[in-house]
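Student: Could we go through this structure together, starting with a single residue and then moving out to the whole chain?
Tutor: Happy to; let's have it in front of us.

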Amino acid sequence: MLKKRGLPAPKKKQKKGIGEKEMLEILSKVPKKDFEKVCMEYGFTDFRGLLKKLKEMKKVEVETIRILKPLEDVETKIDTTVVFDCIMELKDPNVKMIWMKDNEPLRIQYSLGKYDAKQIGTKYMLVITNVNMNDAGTYSLSVGDKKMRAELTVLDEPLKFLGEMTPMKVTERQTAVFEIRLSKKVPNFVWKFNGKELKRDEKYEITVSEDGLTHTLKIKDARLSDAGEFSAEAGDLVQKAQLTIDRIPIKFVRTLKNVRVKERSRACLECELTSKDVTLYWKKDGQLLERSTKYSMSHEGKRAELVIEDAQLSDSGEYTVVAMQDGDPTEYYSTALVTVEERLATVKSGMSDVHAATGSPAELCVVLNDEKVEGVWLKDGKEITDLPGVQIVKQGAVHKLIFPNMGPEHEGKYTFRAKGAESEASVFIADPPTIDPLVLEALAAHPVTVKVGHTANIKVPFRAKPLPKVTWYKDGMEVTEEERVSMERGEDQALLTISNCVREDSGLVLLKLKNDYGTATATLHLSVLDRPKPPQGRVEFLELSGNCVHMKWKAPKDNGGRPVTQFIVERRMVGKKSWIKIGEVDSKLTKFATNKVEEGKAYQFRILAVNSEGVSDPLETDEVFAGNPIEPPGLASQPQVTDVTKDSMTITWNAPTQDGGAPVLGYIVERRKKGSSLWVPVNKDPIQDTKCTVDGLLEDTEYEFRVIAVNKAGPGQPSMASNSVVAKDPVTAPKFDLSARLKSHMVVRAGTALCIHAAFSGSPPPNVIWQKDGIPTKGRETITKGKNHSQFLINSTKRSDSGVYRILLQNEFGEASYDIHVRVADFPRPPTNLQLFEEVPNTVTLTWNHSPDVQEDSEAHYVIMKRDASSPTWFTAAERVFSNKYTVTGLLPGRKYYFRVVARNEIGDSDPLDSKDTWLIVKDKIEDLSAKLKPYEQKDWRHAPRFLIPLKPHTVLRGQDCTMTCAFLGNPRPTVTLYKGDVNITANSKFWYNSTSGVCTIVIPTCTLKDSGEYSVLVENELGKDRSSCALTVYDKDDKSILASVTESLQKKSKHLM
């Protein structure tokens, strides 16, 4: 591929002529590839003559290399170590030496120990280890223009086995070993078993001696399955041998032991063998046993077990276990005797008599000393086979006879019998007193009710055996028989009789029943009905006035057993005997007010309570008099007018200082036009508040207002008239309410909604106009307008919606506007027009056209990537590049590369911009210019350093890394010095920097606020110097000044783009 290079440098004037001697000195310092150019610059056309003289000069220098012993040919075998050596005397110890093989330089430092160049005094050596056939060839050493050569010959031997494999025989579990030795090392040697290749694992251990000739195979823990043919194969050579495995005899580590057990017990025979890979058989008296519910046989590992369940006397005998293994016909056995003895029992805990209530559960229990013994139950001497309502239960050594629901048929004498054991007990029925729950519920829910003077009969049915003792209680006190009270007890009920009942007989009545087996109680309420008692206490008068008497009392202490339905209130004038009914009051109220009184008169009142049984005795009051006279209220304060509009006004005032002896009930508001004597009421009913809004006014009319206070005596005098006020709207220019959700800057993501809500005020209500970049909006937006607010909404934003939005308020008294800077963020658009060229050797400079989104967003940047043409993987060459030019360094000569540029912002990455073709990094070639020599003038290539790409300002968030780059030229190669302000930071470990091929990169890791400041790079050589500086700003998330500057830059870019 053709490389793109810069424009050719302008031709310089021919330098002043010099002598041939000076010319030869200049050429000795110039690379060979530049000889012709330098000669042309100094006006020497005899290029070949100069070159010949220059060679003669160098030959004199070459003669300073003296070879005392040259390299010698070497012949060796494979896998040995070879040393080429020579002896030389060098006047210049720094003369360049190159070891070569077949005219190719040896890369000794990359050979991983294959080659090693050594020097001992005047002896120079090349060491080659692990020689193979590929190492044969011609090796040479170039020293200056001297070259020595020697041949390396590698001899090969025929492959053969040095011995034979012999058959092996081992005992099971031992280790078998096969070993074979070869005449030389081979890479393809394998071990096989029955034709299948073996790999090294836990079973097979495959090893090779250090010289690689002896191969060993170990078969660990040999088993029968390992018997067979093993072979060793190396290419076409094969050796075979048989492996035979002998079995290990079985032995009983633990033999069967004689066992003696009780009848119906569990017998267990156990043994342990030396091997687990055996087959077992069990026999009894020579007969083979089969697995069943009677016999359970287990074999786990080396342990074997025979269990005889529920052993009987017939299970006694001789038991044998027989063990056999594969490949061994011998039977191995062990024998033991099992003896089963008859089982007898004794009573450990006998039965006792049981007393149980009818319907309740009961049980008889016997505990024996042996849980294996069975027994039978008898009732009255007869065995129980089918007795209804009885359960026979056996739980180990515990035997039970259970009666879930005791009845008369279960009474009797019971006996339990077993082998060698017997126990007896009797069962009796005994019922505690009980009362039907329905009866108890009915007694509690429905009181026994009688009227005064009548007889109360209280009956409570019960069940008990024997009959219980009966006791009656009233309000916690025991009731005894007397003239009006009698008590009776029957077979199934208890009776309490109270004759000629009085109100005091009412209360809580309790019946208690008790016998030897329990108690029972019943609770009921006896209610004797009568007329209520009089209301309680003294009557409290809440008001005594000329037109109202208001009184209060307490309800009766006893309502007579019936709810009070009402109260009757009566009065009489003092001095008169007759009472007059003046009203009735519901029982829920204990208050009454009447206006049937005259000012200054004395009265007496009485209250009577009424229920369904009659009227109570009265509660009478003392003599009371009607109250003093009441006057109308005084003057309210002068009204004040506020909140004036063209058709309404709001007035406020203070209450009068004098209420006339009665509370103010409200106010009457009146209005009149200024100059008129006619006052017009604003409200019909009194207003209780001291504030009123008057509607229905005429625009541009002047009004006055006054207020009149009202109490029970009537309206008072009007207040002083208010100041006159004209009805018209207030005049105000539009103004924004900045306390609402209005923002000056907004950033939204593309595809989401943009919603701007503005609150404002103004009279008359202003006209609202929305503009984008100075032009009224019209399109996809939805605008909502109200009297004091407006909302601008775009449901789904696009990048083109970015800009400055202005809301303009206008009315006849002024206008106001507010700007909102909106940026719609999206994945950045990719850069375009990627160009590659070479400014500095072994580097590639990339230029491209800016992505519009990187120019608009100060945080957006570029990521530079590179890829070797032979690899599919992209590697990052640089991040956070803000310019549209970058020089990639660190490229390997002779390789082809692709390059990629990606734009990145806070949303993500753009589509990549890739180079279309590969770029080849050309190797530096050693050319022989003898055939191309042309005379040309000598040219001075030296020049003072200068910057091609200077440093640029950076703004970095605290905690992130900052990378700054610049590019420069200079010959001779300039030195680089870094500064922060006036302080030299080149050797400061805090800062990382690299200067390669004219590109200087500075990295400040994990920036802090202290890293802010001015940074500069100084490049200088003997011909001059140059300096490039930039400012670094490190900001925090809460740094408002930096955020403001970033926002301002966004605004400028946005306006520029729009």
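Student: Which strand does Ser-527 lie in?
Tutor: This is a predicted model, and its strands are numbered from the N terminus. The one spanning residues 518-529 holds Ser-527, and that is strand S45.

Student: Is Ser-527 buried or exposed?
Tutor: Buried means under 20% relative accessible area. Ser-527 has a relative accessible area of 11%, so Ser-527 is buried.

Student: Which residues does Ser-527 touch, leaving aside those up to four places away in sequence?
Tutor: Here a contact means heavy atoms within 4.5 Å. With the sequence neighbours up to four places away not counted, the partners of Ser-527 are Val-448, Thr-449, Val-450, Arg-503, Ser-506 and Gly-561.

Student: Nice. Zooming out, how many helices and strands does the protein chain have?
Tutor: Both kinds of element occur in the protein chain. The totals are six helices and 88 strands.

Student: What is the radius of gyration of the protein chain?
Tutor: A good yardstick is a compact globule of 1058 residues, which would have a value near 31 Å. The C-alpha trace of the protein chain spans about 170 × 140 × 50 Å along its principal axes. For the protein chain, the radius of gyration is 62 Å.

Student: How far apart do the centres of the positive and negative side chains lie?
Tutor: Lys and Arg count as positive, Asp and Glu as negative. The protein chain has 153 positive and 147 negative side chains, and the distance between the centres of the two sets is 7 Å.

Definitions and conventions:
Residues numbered from 1 in each chain as written. Predicted model: local features only at pLDDT ≥ 70, side-chain atom pairs only at ≥ 80, totals over all residues. Heavy atoms only, no water. Helix = DSSP H or I, 4+ residues; strand = E, 2+ residues; numbered from the N terminus. Rg over C-alpha atoms; globule rule 2.2 N^0.38 Å. Charge placed at Lys NZ, Arg CZ, Asp CG, Glu CD. Buried < 20%, exposed > 50% of the residue type's maximum accessible area, 1.4 Å probe, protein only.
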